[in-house]
Amino acid sequence: AEKHAGVSCVTASMDDIQFEEAARVGQIIAIRTKVNRAFKTSMEVGIKVTVQDVLTNAEKIVSVAYATYVAKPVGGGKVELKPVQLVSAEDHLEHSLAIERRRIRLGYVQVFQKLMQESNKEGDSYTCEEQDAVSTEHTHVQSTELVLPTHANHHGNTFGGQIMAWMQTVASISASRLCRSHPILKAVKMFKFWGPSFVGDRLVFNAIVNNTFHNSVEVGVRVEAYNCEEWIQDQPRHINSAFLIFNALSDQGELLTFPRVKP
């Protein structure tokens, strides 16, 4: 992103991520990225992750993802990004699809805000009468992390990938409280940065199971940031939310069934 923009850039959001393969210790991971399209002050970066087994030389796709980066303003003005030079047929295709993915991204934000407004209406209630349903409170996990220089980029902003890794940890623990196995991350939904965090911030992660769907479970994670003054005054900054989808396998490699939950 910075190679294209010629200025500093920060991550704005990640599109939904699907994981097709699990990368394991001893395998080689290759990550290839390129800017697909520039939109005035933001751009879409395509990311392709593959894994290669050193014993068989077999290469498989782990994930294909799309990130939106924003050029940081220089002084008081915004940075106008130059168009992407298209060379191959694949470049032209990704350039065309990028505008459609952008439309979906913007629609996601509106849908999320509408859902939150509707869920806050007085009188809304939910009951689960099913016997043996597990209370979602049992799945609540909270974690606090201190952002150190090793967790941040050259601008002092916390790495988006580091935040996602911490989110996966608390979400995995939350999901594990419903299954006697290690949950496997299959997808990350609606991962968006609502604000930045910096070196020295305390990040508080809250995860809870939202619902189960037979062989899968959705865990919601909310991330709040505090600097020293905000920490003392208990004034958090909501910087990120996302929904992580897990499934779990038995020792025989079969999908396990998750119990129903009661909010």
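This report walks through the domains, strands, salt bridges and one surface patch of a predicted model.

## Two domains

Let's start with the overall layout. The protein is split into domain 1, covering 1-107, and domain 2, covering 136-262. Measuring from C-alpha centre to C-alpha centre, the two lie 23 Å apart. They also touch: 14 residues of domain 1 are in contact with 13 residues of domain 2.

## Strands S9, S10 and S11

Strand S10 (residues 216-226) is a good place to look next. Of its eleven residues, eight are buried, so the strand is largely enclosed by the rest of the structure. On one side, S10 pairs with strand S9 (residues 202-213) in the antiparallel sense, and eleven bridges hold that pairing. To find the register in your viewer, look at Leu203, whose bridge partner in S10 is Ala225. S9 and S10 make a hairpin with two residues between them, and His214 in that turn has a positive phi of about 60°.

S10 is also joined to strand S11 (residues 237-248), again antiparallel, through nine bridges. Here the register can be read from Val219, which has Leu244 as its bridge partner in S11. As a reminder for reading such pairings, side chains in a regular strand alternate between the two faces of the sheet.

## Around Asn247

Asn247 belongs to strand S11. Is this residue buried or exposed? Asn247 is buried, because its relative accessible area is 13%, and the cut-off for buried is under 20%.

Which residues surround Asn247, once neighbours within four places in sequence are set aside? Asn247 is in contact with Pro183, Ile184, Lys186, Asn215, Leu255 and Phe258. Phe258 sits eleven residues away along the chain from Asn247, and their C-alpha atoms are separated by 8.5 Å.

## Salt bridges

Side chains of opposite charge can pair when their charged atoms come close. Across the whole structure, a search finds nine salt bridges. One of them joins the side chains of Lys34 and Asp91, with 2.6 Å from N to O. Lys34 lies in strand S3 and Asp91 in helix H2 (residues 89-119), so this pair ties together parts that are 57 residues apart in sequence. Lys34 counts as partly exposed at 30% relative accessibility, while Asp91 counts as buried at 17%.

Arg101 and Glu94 form another salt bridge, their closest N and O atoms being 2.9 Å apart. Arg101 counts as buried at 14% relative accessibility, and Glu94 is buried with a relative accessible area of 13%. Both residues also belong to a network of salt bridges that links Asp15, Glu44, Glu94, Arg101 and Arg105. Elsewhere, Glu230 forms a salt bridge with Arg237, and the closest N and O atoms are 2.6 Å apart. In that pair, Glu230 is buried, with a relative accessible area of 14%, whereas Arg237 counts as partly exposed at 22%.

## A nonpolar surface patch

Finally, have a look at the surface. Ile28, Val54 and Leu55 form a nonpolar patch there, and together they have about 320 Å² of accessible area. Ile28 lies in strand S3 (residues 28-39). With a relative accessible area of 43%, Ile28 is partly exposed; that value can count towards a patch because the cut-off for patch residues is over 30%.

Technical notes
Residues numbered from 1 in each chain as written. Predicted model: local features only at pLDDT ≥ 70, side-chain atom pairs only at ≥ 80, totals over all residues. Heavy atoms only, no water. Patch = residues over 30% accessible without salt bridge, like charges linked within 9 Å, V, L, I, M, F, W, Y side chains within 5 Å. Areas by Shrake-Rupley, 256 points an atom, 1.4 Å probe, with all protein chains shown as cover. Salt bridge = Lys/Arg side-chain N within 4 Å of Asp/Glu carboxyl O. Helix = DSSP H or I, 4+ residues; strand = E, 2+ residues; numbered from the N terminus. Buried < 20%, exposed > 50% of the residue type's maximum accessible area, 1.4 Å probe, protein only. Pairing = 2+ DSSP bridges. Domains from an automatic or database assignment. Contact = heavy atoms within 4.5 Å.
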